[in-house]
Amino acid sequence: MSTPAAPAPPALKKTALNATHRALKAKMVDFGGWDMPVEYPCFTPQRQGPVAGGPGSGGGLIAEHMAVRTGVGLFDVSHMGEIQFRGPGALEAVQYITMNDASRLKDGQAHYSALLMPNGAFVDDILVHRLSDNDYLLVVNAGTTEKDYAWIRKQVGARGGIHISDYSPYYSQLALQGPRSLETLKKLTRVDLAAIKNYWFTWGTVAGIPNVLIARTGYSGEDGFEVYTPSDETTTVKMWNALMEAGEEFGIRPCGLGARNTLRLEAGMSLYGHEISEEINVLEAGLTHWLKLDKGSFIGRDALLAVQQSGGPKRKIIGLEMVDRGIARDGYPVLDFEGREIGVITSGSPAPFLKTNIAMALVTAETAASGSDVLVQVRANQVRAKQVALPFYKRPKK
């Protein structure tokens, strides 16, 4: 009797720019069920960027990372999810399922927040945008969109006065990041981009495309904009090509998920499944700046208050810089100098701009409070690392 064939894996989802990435010879990977570019190893800009240490000939992760730090880079983040709350009950529902205080938002303002489980750990981290008095747009992570939407429907979907919709398939999202991003985008729109403050947004015509949402947000530690357009291929490719052409004089590069990760790590930004997860709570993650325990009842609040009242979290996320030669990779054990395991690396890699090896780690609260050096088990070697403040990198003030 023959063994039945295993079911074929589901086909990878594709953004409207999939053919564009492949034409640019991007290295493609399966990212949360999406066929996404991790880097563009063969890309050579037509014009050299006029910045020291900026992009030159050849491509790849380091060139992309440096382009964003010193000039401008363009990311396809159309895999991200968009969930909209509309109706007179929208604010109340958003308040109940998120940890930040959305009542403080003004029309055209956004903030970082999170969906929490009852134990104070993470369903996901998100951005909340206030479109108007009764209209909020939540941008969620790509790999968790379906889970997030199901969670939201379960928690507040039965409430009256609210309409909750998953509009993810209808949006393309492009992230233009770097110190020359404003100059690049300015060529394509009459919108006063300088008037858009960090974590604010507006609507306007860009590259001849009307009703584009233009947000001064990003995940790179640099100034930048995220633009949202209809998800059809014609419109999305038109926007991508216009941005690439506008940024040519600044040495713009298409950037993949690899550079997106090294950029956010240098900037000390958390990543779902690494510094935040269903096993790590907000206090452990060190995201208390966005935690508003005084706003009233919300999911996870009681558990976090109990942790505070019991003396605080037993573990904390810290920053590490490698002293000895070696790269701390995700999942590597962190040890004290007696060889006892005191934590684990949550994210680690070389830092292309800082030119050192860095990591974030979840360690015992005692270790975090001591500020002491630690050891990281890098394969067969124990490599010394020193604790450093987060973020590792802050962009220069203008």
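## Exercises on strand pairing

In this predicted model, six strands close into a barrel in the order 14-17-16-15-18-19, with antiparallel pairing. From one strand to the next, the twist averages 45°.

**Exercise 1.** Determine how many bridges join strand 16 to strand 17, and which residue is the bridge partner of Pro350.

*Solution.* Begin with the limits: strand 16 covers residues 341–351 and strand 17 covers residues 356–364. The two run antiparallel and are joined by eight bridges. Next, locate Pro350; its bridge partner in strand 17 is Asn357. Finally, consider the helix at this pair: helix 7 (residues 257–266) lies across strand 16 and strand 17, and runs at about 120° to strand 16.

**Exercise 2.** Establish how strand 6 is connected to strand 5 and to strand 7.

*Solution.* Take strand 5 (residues 109–116) to start with: eight bridges join this strand to strand 6, and the two run antiparallel. Within this pairing, Ala110 stands opposite His129 of strand 6. The two strands form a hairpin with five residues between them, and Gly120 in the turn has a positive phi of about 85°. Then turn to strand 7 (residues 135–140), which pairs with strand 6 in the antiparallel sense over five bridges. Here Ser132 stands opposite Asp135 of strand 7, and the hairpin joining strand 6 to strand 7 passes through two residues.

**Exercise 3.** Explain why strand 6 is described as largely enclosed by the rest of the structure.

*Solution.* Strand 6 spans residues 122–132, eleven residues in total. Apply the cut-off for burial, under 20% relative accessible area. Ten of the eleven residues are buried, and strand 6 is therefore largely enclosed by the rest of the structure.

Terms used:
Residues are numbered from 1 along each chain as its sequence is written. This is a predicted model: local features need pLDDT of at least 70, side-chain atom pairs count only at pLDDT 80 or more; totals for chains, interfaces and linings use all residues. Side-chain values use heavy atoms; hydrogens and water are left out. Buried means under 20% relative accessible area, exposed over 50%, partly exposed in between (1.4 Å probe, protein chains only). Helices (H or I, at least four residues) and strands (E, at least two) are DSSP runs, numbered from the N terminus. Two strands pair if DSSP finds at least two bridges between them. Axes are lines fitted to C-alpha atoms, for helices over the stretch in contact, and angles run from 0 to 180 degrees between N-to-C directions. Contact means heavy atoms within 4.5 Å.
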